[in-house]
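Here are some notes to go with your look through this structure. Take them point by point, with the model open beside you.

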Amino acid sequence: MNRSFITIMIAEQLYGIDSQNIIEVIPLPEIIPIGKSADFIEGFINLRGTLILVINMREALGLEKIPLSINNSIINVDINGLPIGFVVDSVKDVVSVSEEQITKPSKKWKGIDIRYIYGIVKRESDSITILDTESIFNEKEKKVIIASSKKITQKNNTADLASYNERETLKKRADEFSKSISGIESAGENMSAVMFRVGNEDYALDVKYILQTQKLKYIAKVPSTPEFVAGVMNLGGTIMPVIDMRLFIGAKRDIRRENPVLIVDINKNRIGAIVDEIKDVVNIPLNDVKPPLESISEAKRQYIYGETIINDRVVVILKADELFSQSRLGIA
């Protein structure tokens, strides 16, 4: 059985968090500090009317703490029903890992308390330390966290930033995140999705279809296939078709060696999708998703679930099972 993990960077080390525990990923906004609290507590953010405790993951894992900047991200994680924001250096991608690939740590892993670690995944070029988010805080610490929510104070010293412009950027983000979005609670459903760029447009695919991401490798052309089929590639002994997403949307072909490839799984069939940039892992309230525009051709509408707005940009949500069907690819 495979599990999906969101990989993050903390102090130049790659970590993984189970995607099932992740509510959403957001860029760092202004943080409201609190009074006396544990060193790893940065403060709170107002996320659509809900106060979310923010934890500095460097401090929580016993690593060197450095000033925050606009380049940091916050991962909103559900820990035993308690939403917690983890400040990380950056968010990398989504990987699919089988339980057999995860090695249990023995005593210590690079000085980090063993209770934080679920296991280690070793790859050809690096390794991923899988964090056990439910074990990061013991019961006593959880009580401290809950009590800390009553100590919010409005102070001006948010993150230790280098410039006035960075501070203004954080304030704007905080204002946007604090706005209540009507209908989220009543909608009852959200979609965790990987957002990516193709040409000048933003798209998203449900994370449940994403096995992993990787850089473009050698592709072998296949005759008598649709133009948007770039070819086939070898992934761990499995030959899979690879789609050029630029040609799918009608843009000019511009495949480069550094292009990322989304590896998707449709009914146990693996397909690669070449995109220009993998942007983020986002949580999309389904109540906010609108039907595709009438101006879009019927041929393309059948592959589009809907559209939504993320960070002031239109994001087109694709139907992975329709988009990557074997009949459409022309590859048995």
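1. Some vocabulary before we start: helices and strands here are DSSP runs, numbered from the N terminus, with at least four residues for a helix and at least two for a strand. Keep in mind, too, that what you're looking at is a predicted model. With that in hand, Ala 11 is easy to place: look in the loop between β1 and β2. Its phi is near 50 degrees, a positive value in a residue other than glycine. As for cover, Ala 11 counts as partly exposed, at 31% relative accessibility.

2. Another residue with a positive phi is Asn 311, at about 50 degrees, and again this is not a glycine. You'll find Asn 311 in the loop between β20 (304–310) and β21 (313–318). Is Asn 311 buried or exposed? Exposed, with a relative accessible area of 55%; the cut-off for that word is over 50%.

3. Now the overall picture. The protein has eight helices and 21 strands. Of its 332 residues, 49% are buried. The accessible surface comes to about 17200 Å², and carbon and sulfur atoms account for 48% of that. If you take the contacts between residues at least 6 apart in sequence, 58% of them join residues at least 24 apart.

4. Arg 3 deserves a stop. The residue is in strand β1, and its charged end sits over the ring of Tyr 118, 4.9 Å from the ring's centre. Tyr 118 also has the charged end of Lys 104 over its ring, 3.3 Å from the centre. Leaving out residues up to four places away in sequence, Arg 3 touches Asp 18, Val 95, Ser 96, Val 97, Glu 99 and Tyr 118. For Asp 18, the C-alpha to C-alpha distance from Arg 3 is 7.4 Å, with their positions 15 residues apart in sequence.

5. How many aromatic pairs does the structure hold? One. The partners are Phe 196 and Tyr 203, and the pair is stacked, at 6.1 Å centre to centre and 20 degrees between the planes. Stacked is the right word because the planes are under 30 degrees apart. Phe 196 is buried, at a relative accessible area of 1%, and Tyr 203 is buried as well, at 8% relative accessibility.

6. On to the open space. The largest pocket has a volume of about 1200 Å³. It is lined by 35 residues, and the closest to its centre are Val 95, Arg 123, Gln 212, Thr 213 and Gln 214. Which elements give two or more residues to that lining? They are β1 (2–10), β2 (13–18), β8 (90–98), β10 (117–122), β11 (127–131), β14 (210–215) and β15 (229–235). β8 gives the most, with six residues.

7. Then there is the enclosed space. Rolling a probe the size of a water molecule over the atoms shows where empty space is left. A search of the whole structure turns up two cavities of 30 Å³ or more. The largest cavity has a volume of about 60 Å³. Its lining is made up of Ile 6, Ser 19, Ile 22, Ile 23, Glu 24, Ser 192, Val 207, Val 281, Val 282 and Asn 283. The elements giving two or more residues to this lining are β3 (22–27) and β19 (277–285).

8. Have a look at Ser 73 as well, in strand β6 (residues 73–79). Ser 73 counts as buried because its relative accessibility is 14%, where the limit is under 20%. Residues up to four places away in sequence aside, Ser 73 touches Ile 26, Pro 27, Leu 28, Phe 86, Val 87, Val 88, Asp 89 and Val 91.

9. Last, try Asn 267, in the loop between β17 (260–266) and β18 (269–274). Asn 267 is exposed, with a relative accessible area of 70%. Which distance separates Asn 267 from Ser 325 in space? C-alpha to C-alpha, the two are 9.3 Å apart, while in sequence they are 58 residues apart.

Conventions. Residues numbered from 1 in each chain as written. Predicted model: local features only at pLDDT ≥ 70, side-chain atom pairs only at ≥ 80, totals over all residues. Heavy atoms only, no water. Phe/Tyr/Trp six-rings, centres within 6.5 Å; stacked < 30°, edge-to-face > 60°. Buried < 20%, exposed > 50% of the residue type's maximum accessible area, 1.4 Å probe, protein only. Lys NZ or Arg CZ within 6 Å of the ring centre and 35° of its normal. Contact = heavy atoms within 4.5 Å. Areas by Shrake-Rupley, 256 points an atom, 1.4 Å probe, with all protein chains shown as cover. 1 Å grid on protein atoms, 1.4 Å probe; cavity = no way out; pocket = protein on both sides within 12 Å on 5 of 7 lines; lining within 4 Å. Points joined across faces, edges and corners; volume = space filled by probe spheres on them.
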